[in-house]
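Biologist: I'd like a close look at one part of this model, if you have a moment. Could you take me through it slowly and then work outwards to whatever sits around it?

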Amino acid sequence: MNGEWPADKLMRGTALARRVLEGARAKVEKVRAATGVAPVLATVLVGDDPASAAYVRMKRKRCDDVGMKSLVIDMPQGTTTEQIVGEIEILAADDAVCGILVQHPVPAPIDRRAAFEAIPLAKDVDGVSSAAMGRVVLGMPAYVPCTPAGIVRLLDEYAVVLDGAHAAVLGRSPILGRPMASMLINRHATVTLCHSRTRNLAEIVAGSDVLIAAVGRPRFVQGGWIKPGAIVIDAGYNEGNVGDVDFDAAIERASLITPVPGGVGPMTIATLIDHAADAAIAQLDIS
Ligand code: NAP
């Protein structure tokens with residue numbers, strides 16, 4: 001991104017995220033006023049992956065910003081599934097803890113799914129359990145995985161009409177593509193969910209009013225694929241701060257597009273903190 005593109009085409013995640021965090025701060029304040037203590041967002045971190053450690057530090061900083069306490073359970077490389085599930089069960093039973101995260105990827109041989117399933121729905125603020133996913137698919141209230149939830153907030157902020165729109169979601173991961181497709185369907189978009197076996201990807205993108213790119217491949221989506229006037233959401237975050245969309249070419253055709261960085265990324269973390277604040281209020285029944 002060279003910074004010289006038409007400003008009115010940019011979907012500014014950083015600015016909206018700031019407002020979401022201000023809202024979360026007010027909710028945290030409400031909890032503190034009612035209980036005398038700040039709610040706690042707990043993260044279980046296994047092993048010594050530097051990228052995971054950096055994400056955890058970033059989440060801790062955002063917790064600090066809104067007055068929420070952040071508790072990090074550091075577990076060594078070699079931790080077993082039983083050990084991580086045991087830790088999550090302790091956090092699940094702790095009334096001070098409003099939300100539980102398992103920083104992923106978790107190192108092998110931990111069964112990540114078993115760890116996610118140990119998080120009770122009320123504390124599953126990143127929507128990783130099958131119960132949360134089921135509710136998202138059915139359009140029932142749940143903490144939706146934070147990246148697609150943040151993307152929907154961004155689409156709403158820019159008044160993007162989803163009803164009847166053709167949307168393509170590139171990527172079918174449980175944290176991103178799948179819940180994203182469900183949320184768009186629930187908002188009455190017609191959705192094509194694409195993945196690595198999809199044959200006519202460029203053609204599908206060319207027919208889409210809304211494109212969500214979540215494949216994890218730098219500049220994978222070519223500008224020439226984009227339907228003129230389309231809304232382009234780039235959830236990708238690859239080495240060198242590069243998204244999944246060839247931004248410089250795509251902005252020529254898109255009517256709105258998220259920059260990388262400064263688009264989806266800040267919305268993900270702000271949404272997470274906001275979910276944790278909502279969970280704290282819901283658990284205390286003080287709304
Ligand atoms: P993931 O679990 O690796 O899933 C990638 C998906 O892309 C898979 O469904 C895969 O298809 C599909 N894919 C891979 N190559 C493809 C190709 N050539 N054509 C079509 N589809 C292809 O990744 P993820 O966790 O969903 O993350 C996706 C991207 O979002 C990454 O860049 C990640 O860093 C980023 N991300 C950003 C945030 C944020 O806050 N900004 C949060 C989470 C993730 P198969 O299922 O067939 O393998």
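What do the side chains of R113 and E117 meet in?

Modeller: They meet in a salt bridge, with an N to O distance of 2.7 Å. Keep in mind that this is a predicted model. Both R113 and E117 belong to helix 4, four residues apart, which is about one turn of the helix. As for exposure, R113 has a relative accessibility of 34% and so counts as partly exposed. E117, at 35%, is partly exposed too.

Let's step back along the chain from there. The loop between strand 3 and helix 4 holds P105, and P109 is found in that loop as well. Each of these prolines comes with a cis peptide bond: one joins H104 and P105, with omega about 10°, and another joins A108 and P109, with omega about 5°. That's worth a pause, because most peptide bonds are trans.

Now for the pocket. Helix 4 (112-117) and strand 3 (97-102) each supply at least two residues to the lining of the largest pocket, and so do helix 1 (13-35), helix 2 (50-66), helix 6 (146-157) and helix 10 (264-284). The volume of this pocket is about 1400 Å³. It is lined by 50 residues, and Y55, T147, Y237, G265 and T268 are the closest to its centre. By class, the lining splits into 27 nonpolar, 14 polar and nine charged residues. Where does the pocket sit relative to the domains? Domain 1 (35-122) and domain 2 (145-266) both contribute to the lining, so the pocket lies between them.

Some of those helices carry salt bridges like the one you asked about. In helix 2, R62 and D65 are three residues apart, about one turn, and they form a salt bridge whose closest N and O atoms are 3.0 Å apart. R62 is partly exposed at 24% relative accessible area, and D65 is partly exposed at 30%. Helix 1 has E29 and R32, again three residues apart and about one turn; their salt bridge has its closest N and O atoms 4.0 Å apart. E29 is partly exposed with a relative accessible area of 44%, while R32 counts as partly exposed at 34%. Beyond these pairs, K27, R153, D274 and D278 are linked in a network of salt bridges. The full count comes to ten salt bridges.

A second pocket deserves a look too. The second largest has a volume of about 230 Å³, and its lining includes L170, R172, H195, R217 and F220. Here the classes are six nonpolar, four polar and two charged residues.

Finally, there are two backbone spots to check on your screen. A159, in the loop between helix 6 and strand 4 (166-170), has a phi near 55°, a positive value in a residue other than glycine. With a relative accessible area of 60%, A159 is exposed. R219 has a positive phi as well, near 50°, and is found in the loop between strand 6 (210-213) and strand 7 (231-234). They stand out because most residues other than glycine have a negative phi.

Key:
Residues are numbered from 1 along each chain as its sequence is written. This is a predicted model: local features need pLDDT of at least 70, side-chain atom pairs count only at pLDDT 80 or more; totals for chains, interfaces and linings use all residues. Side-chain values use heavy atoms; hydrogens and water are left out. On a 1 Å grid over the protein atoms alone, a cavity is a set of points where a 1.4 Å probe fits but cannot get out, and a pocket is an open set with protein on both sides within 12 Å along at least five of seven lines; lining residues have an atom within 4 Å of a point. Grid points are joined across faces, edges and corners, and a volume is the space filled by probe spheres set on the points. Ala, Val, Leu, Ile, Met, Phe, Trp, Tyr, Cys and Pro count as nonpolar, Asp, Glu, Lys and Arg as charged, and the others, Gly among them, as polar. Domain bounds come from an automatic or database domain assignment. Buried means under 20% relative accessible area, exposed over 50%, partly exposed in between (1.4 Å probe, protein chains only).
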